[in-house]
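Please look over the model below with the following points in mind. They concern one helix, its surroundings and the division into domains.

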Amino acid sequence: MSKNSLRVVRASEIDLKEKVVAIKRVAKVVKGGRRFSFSAIVVVGDGNGVVGYGLGKANEVTDAIAKGIDDAKKNLVKIPVYHHTVPHSIEGKYSGGFVLVKPAAAGTGVIAGGAMRAVFESAGIKDVLAKSKGSSNPHNVVKATFDALSKMRDPLAVAQQRGVNLSKVFNG
């Protein structure tokens with residue numbers, strides 16, 4: 001994610017809702033056997049274009065989720081949302097995760113897999129078509145989705161940059 005294209009937002013200014021994307025039990029092999037702990041990936045958002053994700057690891061599930069929420073609040077970004085959908089089609093990639101995101105007509109709903117669905121719902125995107133075409137690992141899918149959303153261009157900014165009105169941007 002390039003920081004120059006994203007607008008970073010402070011968590012203290014907004015009311016955030018959190019969604020747990022995945023919880024995994026991980027093991028560390030030590031001399032006496034296995035030590036189990038938990039890893040949780042969490043997405044937070046205000047439902048109005050501000051969204052972030054975080055990873056938390058701890059010996060208890062609740063502690064891992066709390067750490068993930070704290071981490072997600074530190075990584076909030078503002079993404080463009082236009083009529084409850086994304087402004088244009090885009091592809092995102094992170095490691096083995098590859099996602100395709102397309103705008104959808106009003107009333108379509110969120111057509112996306114589990115990890116992507118959590119990101120879109122937290123961001124306030126209600127109508128979108130999305131496909132995960134690479135790794136099904138939730139970490140990579142969430143990061144690839146954030147990569148795609150970070151590449152989105154705001155239609156109002158594009159219209160101002162080109163010196164035309166908003167309908168000209170969409171209709172050519």
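**Notes on the predicted model**

1. In helix H1, the buried residues (under 20% relative accessible area, 1.4 Å probe, protein chains only) are Ala-64, Ile-65, Gly-68, Ile-69 and Ala-72. They cover an arc of only 140° around the axis, so they sit on the same side of H1; the arc is taken from the directions from the helix axis to the C-beta atoms.

2. These buried residues of H1 pack against strand S2 (17-30), strand S3 (33-45) and strand S4 (50-58), with contact meaning heavy atoms within 4.5 Å. Helices (H or I, at least four residues) and strands (E, at least two) are DSSP runs, numbered from the N terminus.

3. H1 comprises 14 residues (61-74), which at 1.5 Å a residue should span 20 Å; the end C-alpha atoms are 20 Å apart, so the two agree. The expected span is 1.5 Å times one less than the number of residues.

4. UniProt, in an unreviewed entry, lists residues 16-79 as "domain: S5 DRBM"; such annotations may be inferred rather than shown by experiment. The span is 22% helix and 59% strand, and its end C-alpha atoms lie 15 Å apart.

5. An automatic or database assignment divides the protein chain into domain 1 (17-78) and domain 2 (90-154). Their centres, taken over C-alpha atoms, are separated by 19 Å. Domain 1 gives 18 residues to the contact and domain 2 gives 12 residues.

6. This is a predicted model: local features need pLDDT of at least 70, side-chain atom pairs count only at pLDDT 80 or more, and totals for chains, interfaces and linings use all residues. Residues are numbered from 1 along each chain as its sequence is written, and side-chain values use heavy atoms, with hydrogens and water left out.

How values were computed: Buried means under 20% relative accessible area, exposed over 50%, partly exposed in between (1.4 Å probe, protein chains only).
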